[in-house]
Amino acid sequence: MKWANFLHIYQPAEQQPDILESIVAQSYRPIIERLKKEKRVRLTFNVNGALLELFDKYGYRDLIDGLRTLGEEGRVEFTSSAKYHAFLPFLSEDEIVRQIQANDETNKFFLGDAYNPEGFFPPEMAYDEKLAPIIQNLGFKWVMLDEIAATGVPGTVDYTKLYRIEGTKLLAFFRERRLSNLIMSAVVRSASTLEESMRDDLTSGRYLVTAMDGETFGHHRPGLEQMLFEVFSSEKFELVKVSEIPLHYRNVVEVAPVKSTWASSKEDIDRGIQFLSWSDPENSIHKWQWELVGIALREVYAMDTLHPRYEAVRKKMDVALASDHFWWASAKPWWSMEMIEDGAYRLLDTIRFVPDVDKGSLSRARELYEHIVSTGFNWQRTG
């Protein structure tokens, strides 16, 4: 069995330095240092450009150098993504392309020739059919999706076959939920218990794709990094990069992935609410957040691109499109008043920074910001 493990690491563009320091110490540095020692390991990494800029800003150059070395040695491959972790299904093609190109430019700057991505990771594995032609036209060969995207029902992917998205040349690799969730939830905490849960798979002749946040190891789950290191050292697991899977499996079938994320359930998909954590029809804060996004984009698009302030405004808009504040407003179950306010403020600040901004737009933006913050505090007070 070939096992392709995919790790995604990301932090918001303006993450607090003390939080970043903790994650670096607990997760990023231990993982990168261990990868440098384990020469047999093959791994697929997504590192958003916003995180590499944070490493540079706060002096974690050793992490950038380590990632570059791993890529140059060919033991780690990198995927592309959206630089600021925007929720792509809700954006226009121009905004999607902008986020991806900004990510590639930043990653190429820091990682050099080690950054040559064949694959693409949509943040949250959020998929909409409009993404496939965009991703293909940008030159990528495959996309990472959750297994529920294959048919809308988990457990239906045949991992002895490759899957090509209908109407494209783009391959889709589907993350297997069962084992990914066993690891993420720390149900398995050692290589031996992991091997036990994979007993039938190890001799099946199939391939396996697991995918999760890299912060799972050491930060979200203190101590779980030791299990990851045991896996790196064990000769019982044949580790490959995602892009190497087609070297071993040749039977290709076509698939039309459904709208979904790596958190979507069959029930969510059946009800058409698979993007619930970012746009809940019953969540008034989500409604106001997206209206605020629309106002901000409209005002940015109305600007003269030759205006000396344009690039600064555009950068603010790019950062403000991060998906974090929508997710933290979902309250099912996750909640953060600080992140909700920060996201709303960034959008309002972008609008304020537009020269000669429409006064009606600015007035409505202020109202929306106040609605978001006051409602959020009310929800927090009342539980």
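Contact means heavy atoms within 4.5 Å. This is a predicted model, in which local features need pLDDT of at least 70, side-chain atom pairs count only at pLDDT 80 or more, and totals for chains, interfaces and linings use all residues. Residues are numbered from 1 along each chain as its sequence is written, and side-chain values use heavy atoms, with hydrogens and water left out.

**Exercise 1. Place Leu 63 and list what it touches.**

Step 1. Find the element. Leu 63 lies in helix 3, residues 61-72. Helices here are DSSP runs (H or I, at least four residues), numbered from the N terminus.

Step 2. Check burial. Buried means under 20% relative accessible area, exposed over 50%, partly exposed in between (1.4 Å probe, protein chains only). Leu 63 has 0% relative accessibility, so it counts as buried.

Step 3. List the contacts. Leaving out residues up to four places away in sequence, Leu 63 touches Val 24, Tyr 28, Arg 29, Ile 32 and Phe 55.

Step 4. Take one C-alpha distance. Leu 63 and Leu 52 are 11 residues apart along the chain, and their C-alpha atoms are separated by 8.7 Å.

**Exercise 2. Describe how helix 2 and helix 4 pack.**

Step 1. Know what to report. Two packed helices are described by the angle between their axes and the distance between the axes. Axes are lines fitted to C-alpha atoms, for helices over the stretch in contact, and angles run from 0 to 180 degrees between N-to-C directions.

Step 2. Read the values. Helix 2 (residues 49-57) and helix 4 (residues 93-111) pack at about 40 degrees, with axes 8 Å apart.

Step 3. Name the arrangement. Angles under 35 degrees are roughly parallel, over 145 roughly antiparallel, 65 to 115 roughly perpendicular, and the rest oblique. Helix 2 and helix 4 are therefore oblique to each other.

Step 4. Name the residues. Helix 2 brings Gly 49, Leu 52, Glu 53 and Asp 56, while helix 4 brings Asn 103, Thr 106, Asn 107, Phe 110 and Leu 111.

**Exercise 3. Is Asn 103 buried or exposed?**

Step 1. Asn 103 is found in helix 4.

Step 2. Its relative accessibility is 0%, so Asn 103 counts as buried.

Step 3. Beyond its neighbours within four places in sequence, Asn 103 contacts several residues, including Val 47, Ser 80, Lys 83 and Tyr 115.

Methods
Helices (H or I, at least four residues) and strands (E, at least two) are DSSP runs, numbered from the N terminus.
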